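Visitor: I have a structure open here and would like to walk through it with someone. Could you show me around?

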Amino acid sequence: MRTISIFVLAVLLLAPMSISATESDETQETIEALSNDEAGTWEAIGPQEGKIYAVVIDPSNPSIIYTGTDVGVFKSTNAGDSWTASGLPQYDVNILAIDPSNPSILYASTDDDVFKTTNGGGSWRDIVPSPGLHLVNFAVVIDPSDPSIFYLSNNYRGGVVFKVTGGGSDWNGTCLSGYFAYALAIDPTNTSIIYAGTNGGVFKSTNWGESWSPINNGLTNTHVTILAIDPSDPSTIYAGTNGGVFESTNGGGNWSTSGLANTHVTSLAIDPSNSDIIYAGTDGGGVFKSSSTEESPSLTVSKSGTGDGTITSTPPGINCGSTCKANFTTGTNVALTASADSGSTFTGWSGGGCSGTDPCTITLSSDTTIGASFALSGNCAYTISPANKTFTSRGGSVSIKVSATGLTNCPTPSVIEDAEWISVSGIPTWKANKETVRIAVQKNPSSQSRTAVVSIGGENLTLEQDGAICQLTALKPSSAKYPNTGGSGSFDITVSPQDCGWNVATTFVWIHLDTTAGTGKGTAAFHLDANGTDKNRTGKINVSLAQNVTKKKTFTVNESK
């Protein structure tokens with residue numbers, strides 16, 4: 001684990017990087033703290049116009065700097081010696097993001113709008129798709145694998161994260177369960193993984209922002225204002241909160257404290273050349289620098305098995321449960337004790353020299369992981385309601401109530417479907433031995449009814465769907481004229497669905513059918529006798545559905561005298 005050392009930073013040279021603040025008071029307090037820092041000297045380089053909310057540096061030319069202020073965007077091309085206005089003078093620009101592959105492309109976010117420039121701030125255009133889309137923006141992050149994609153948090157009436165593609169042309173948003181998103185971060189090695197820091201903790205998406213799940217195990221302060229991902233190990237994530245810094249080394253699976261307790265951390269940056277060095281900006285408290293601490297190796301408990309329980313340590317630090325990782329001074333004797341939950345049994349230790357089920361004591365000299373396994377001590381029985389459901393051919397959805405008995409904490413039931421035309425909307429969030437599983441049924445393209453079975457916790461849900469009603473939609477043409485010498489003809493038949501059958505018949509002896517039946521879209525052929533009378537004559541060919549003979553259409557034959 002890395003802990004935050006309490007000394008103030010003199011000079012911070014990280015490029016490219018960005019610093020943003022959502023409140024001018026926080027920004028001013030931080031600037032004052034940095035300017036009065038006894039450990040170094042800070043030179044004011046402007047721009048002097050307005051209050052500065054955001055700074056970004058051109059990754060290909062560090063002499064080019066952009067600032068977001070309460071009177072628009074300013075640009076310097078000489079490392080801050082001079083500045084020129086660069087657009088949006090009527091806006092508070094609180095967020096800036098620069099395209100790493102094309103630094104002439106920037107995004108500027110205001111309190112309620114998003115703008116884009118493709119010429120280094122020469123001109124800007126509004127890329128919000130609708131004037132009715134209300135925005136309260138806090139964070140923007142660009143996909144490193146495809147800079148035409150970026151993600152934007154919107155905290156207007158609840159937290160929403162927008163995925164914006166096509167360089168700003170397409171917007172799709174997903175909700176964060178009513179929480180406000182203050183920070184966003186993308187895994188640089190797998191850009192389908194995105195993290196959001198909110199006032200309800202950290203959320204994680206593994207499908208490019210289409211859905212989110214909370215990952216707050218061990219995160220004792222859930223007001224997360226900033227996130228940073230270790231570029232050398234993307235499974236290591238840091239979360240700055242209004243109560244210090246937290247670290248996860250397993251992609252958010254669990255968190256542990258990492259220093260600056262009771263401090264409001266507003267920004268984090270990891271040295272790209274040495275990920276052991278981390279910088280933290282605080283609300284009015286200055287900038288701090290972390291360093292690895294060899295004297296405090298970490299002890300991690302990894303729980304496994306079908307059951308559950310709590311692991312505690314003496315001296316205190318591990319309470320897993322919630323805190324599965326802690327640091328202890330080198331040489332400390334740490335005793336681990338396991339307590340199984342009701343309905344579970346502790347089955348033993350593994351790793352670090354521990355085994356058996358008695359309390360385990362180790363002398364900590366380096367980072368160590370101990371496994372703890374629990375098994376269920378009884379049987380769980382699952383019930384579902386309803387157990388069957390019938391749908392029309394149009395399809396639809398149904399919510400199935402699932403519950404379990406036998407143990408206090410039964411495992412999450414498995415959900416297995418056996419047909420492509422049904423889908424389950426995610427694995428249920430199992431809590432207190434009950435949950436609702438939502439199942440969607442697609443439209444039936446056939447006239448045949450169909451049946452599928454979904455297994456939920458070993459209980460079968462039977463889904464039945466009616467076939468679509470056969471329709472005789474058209475005869476083309478519906479009539480034709482022929483000479484008195486007779487001849488042959490045909491017409492097209494259209495039915496739906498395509499597995500519906502049809503029959504062709506006539507009562508006129510001078511009309512002879514070459515086609516009497518078919519399925520789906522087809523053609524009916526016939527031929528005519530010569531007209532030996534002195535009068536014109538008209539005949540009828542009837543087409544009816546095989547499934548419903550009352551549904552018919554008529555083709556008219558006109559033969560001249």
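Guide: Happy to, and please keep in mind that this is a predicted model. Let's begin with a pair of strands: in strand 41, Ala452 has Leu463 as its bridge partner.

Visitor: How many bridges join strand 40 to strand 41?

Guide: The pair Ala452 and Leu463 is a good place to start, with Leu463 sitting in strand 41. Strand 40 and strand 41 run antiparallel, and the number of bridges joining them is seven.

Visitor: Which strands are the edge strands of the open sheet?

Guide: This open sheet has four strands with mixed pairing, in the order 35-41-40-37. From one strand to the next, the twist averages 20°. An edge strand pairs on one side only, and that holds for strand 35 (388–391) and strand 37 (415–417).

Visitor: Which strand gives the most to the largest nonpolar core?

Guide: That core has 22 residues, and Ile400, Ile422, Ile439, Val454 and Leu463 have the most contacts inside it. Two or more residues come from each of strand 34 (381–385), strand 36 (396–405), strand 39 (434–441), strand 40 (450–456) and strand 41 (459–465). With four residues, the one that gives the most is strand 36.

Visitor: Which residues does Ile422 touch, not counting those up to four places away in sequence?

Guide: Ile422 is one of the residues with the most contacts inside the largest nonpolar core. Leaving out residues up to four places away in sequence, Ile422 touches Glu417, Ala440, Val441, Ala452, Val454 and Leu463.

Visitor: Is strand 5 mostly covered or mostly open, and how many of its residues are buried?

Guide: Let's look at its partners before counting. Strand 4 (residues 65–69) forms a hairpin with strand 5, with two residues between them, and five bridges join this antiparallel pair; Gly68 has Val73 as its bridge partner. Strand 5 is also joined to strand 6 (residues 84–85), antiparallel, by two bridges, and Lys75 stands opposite Thr84 there. Strand 5 (residues 72–76) is mostly covered, and the buried count is five of five.

Visitor: Why does Thr191 count as buried?

Guide: Thr191 is found in the loop between strand 15 (181–186) and strand 16 (194–198). Beyond its neighbours within four places in sequence, Thr191 is in contact with Asp143, Pro144, Ser145, Tyr151, Ile186 and Trp208, and its side chain makes a polar contact with the side chain of Ser145 at 3.3 Å. Buried means under 20% relative accessible area. Thr191 counts as buried because its relative accessibility is 12%.

Methods
Residues numbered from 1 in each chain as written. Predicted model: local features only at pLDDT ≥ 70, side-chain atom pairs only at ≥ 80, totals over all residues. Heavy atoms only, no water. Core = buried A, V, L, I, M, F, W, Y, C linked by side-chain atoms within 4.5 Å. Buried < 20%, exposed > 50% of the residue type's maximum accessible area, 1.4 Å probe, protein only. Contact = heavy atoms within 4.5 Å. Pairing = 2+ DSSP bridges. Polar contact = N/O pair within 3.5 Å; in protein donor to acceptor, adjacent residues only side chain to side chain. Axes fitted to C-alpha atoms, helices over the stretch in contact; angles between N-to-C directions.
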